[in-house]
Structures are given as C-alpha cells and as structure tokens.
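Subject: Structure for you to look at

Hi,

Here is the structure I promised to pass on. Have a look at it first, and then read my notes below.

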Amino acid sequence: MNGIFPSYCRPLGYTLMILSVLVPILLFITGHIDDRNLLLIKTCVKLIIWFALFMVFLAKVKDENEATAKIRVKSIYRALYLLGVYYVIVLLKGYFDGDIEKADTSIAIVYMAFNVACLEYGIQKQRIDRIFKK
C-alpha cells in the first residue's frame, strides 16, 4: 500500500490536528461556542481530525519504497489489534460504570490514531535500522 498523497500532506495533516484542538479552545474563550452550535463544532472537529489522520497516514515519505508500503500494511494490522484491546477495555469500563454508550463515541478516530502511531513507529524504526546497518 503506497502513499497516495504528496509528501507535504504529512506536516499539513499534523498542523490540521493541532489547529483542530486549539481553535475550539480559542472560540470557547472568546464566547463563540454556546449550546446552539456545540454539536456542530464537535462534529467539525472530529471530521477535521479524521481527515488530518488520513492525510498523515496516506502521505508519501521522503524515500518511499516497498519497505514503506509493507510498514503501512503492518501498521493497519497492529492498529486493528490495538483497537480490539481498546474496545474491550472501554466496553468493560462502561459496563462497570453503568454507561455502556461510552464505547461508541469516537472509535474510528481512535483507529486512525493507532494507524498513524504504528506507521510513525515503523518508519522511524526503518530509518534507524538503515543508519546502523551502513
């Protein structure tokens, strides 16, 4: 699975994630968020984070090759395992707290965050392995 976005989408995705956290805080401080538009802001932030995570995950790296493609596929598998563990823990916690709906909040965003974290780990590991093998 090769990257389909240009390499500049990677820092752009991280920038979008940072802005999606900071802008709502600034809007709240200035009084632009109230009960009428809270759901809209929350939905927009989730959508922007989702899009930004996809940008980071699918952006090409500097030296894109078959090993990078394999790292992307491995990160999908690892993220699925982590998602399963996370979901079971959240379900059990919700059961013991008496609020089972907490398990259905943002599972897709958590999955993409796991994907990006596993991808970053794999790419950095590959880079370090190449440096020390020379």
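First, a caveat: this is a predicted model. Here is what turned up.

I'll begin with the charged pairs. There are four salt bridges in the structure, and I'll go through some of them, starting in helix 4. D129 pairs with K125 there, with 3.5 Å between the closest N and O atoms. Helix 4 covers residues 107-133, and because D129 and K125 sit four residues apart in it, about one helical turn lies between them. D129 is partly exposed, at a relative accessible area of 33%. Its partner K125 is partly exposed as well, at 41%.

Helix 3 (residues 66-97) has a pair with the spacing of four residues too: K93 and D97, again separated by about one helical turn. Their side chains meet in a salt bridge at 3.0 Å, N to O. For K93 the relative accessible area is 48%, so this residue counts as partly exposed. D97 comes out at 46% and is also partly exposed.

Then there is R36, which forms a salt bridge with D34, where the closest N and O atoms are 2.5 Å apart. How accessible are the two partners, R36 and D34? R36 is exposed, with a relative accessible area of 76%; the cut-off for that label is over 50%. D34, on the other hand, is partly exposed at 28%.

Now for the helix packing. Helix 2 runs over residues 38-58, and its axis comes within 7 Å of the axis of helix 1, the two crossing at roughly 165 degrees. Angles over 145 degrees count as roughly antiparallel, so that is the label for helix 1 and helix 2. As for handedness, helix 1 passes helix 2 in a left-handed crossing.

Last, the nonpolar surface. Which residues make up the nonpolar surface patch of about 730 Å²? They are I18, V21, L22, I25, L26, F28 and I29. Take V21 as an example: this residue is found in helix 1, which spans residues 9-29. V21 has a relative accessible area of 46%, so it is partly exposed. Residues need over 30% to count towards a patch, and V21 at 46% is above that.

If you open the model, the patch around V21 and the R36 and D34 pair are where I'd start looking.

Cheers

Technical notes: Residues numbered from 1 in each chain as written. Predicted model: local features only at pLDDT ≥ 70, side-chain atom pairs only at ≥ 80, totals over all residues. Heavy atoms only, no water. Patch = residues over 30% accessible without salt bridge, like charges linked within 9 Å, V, L, I, M, F, W, Y side chains within 5 Å. Areas by Shrake-Rupley, 256 points an atom, 1.4 Å probe, with all protein chains shown as cover. Buried < 20%, exposed > 50% of the residue type's maximum accessible area, 1.4 Å probe, protein only. Axes fitted to C-alpha atoms, helices over the stretch in contact; angles between N-to-C directions. Parallel < 35°, antiparallel > 145°, perpendicular 65-115°, else oblique. Left-handed = near helix turned anticlockwise from the far one by under 90°.
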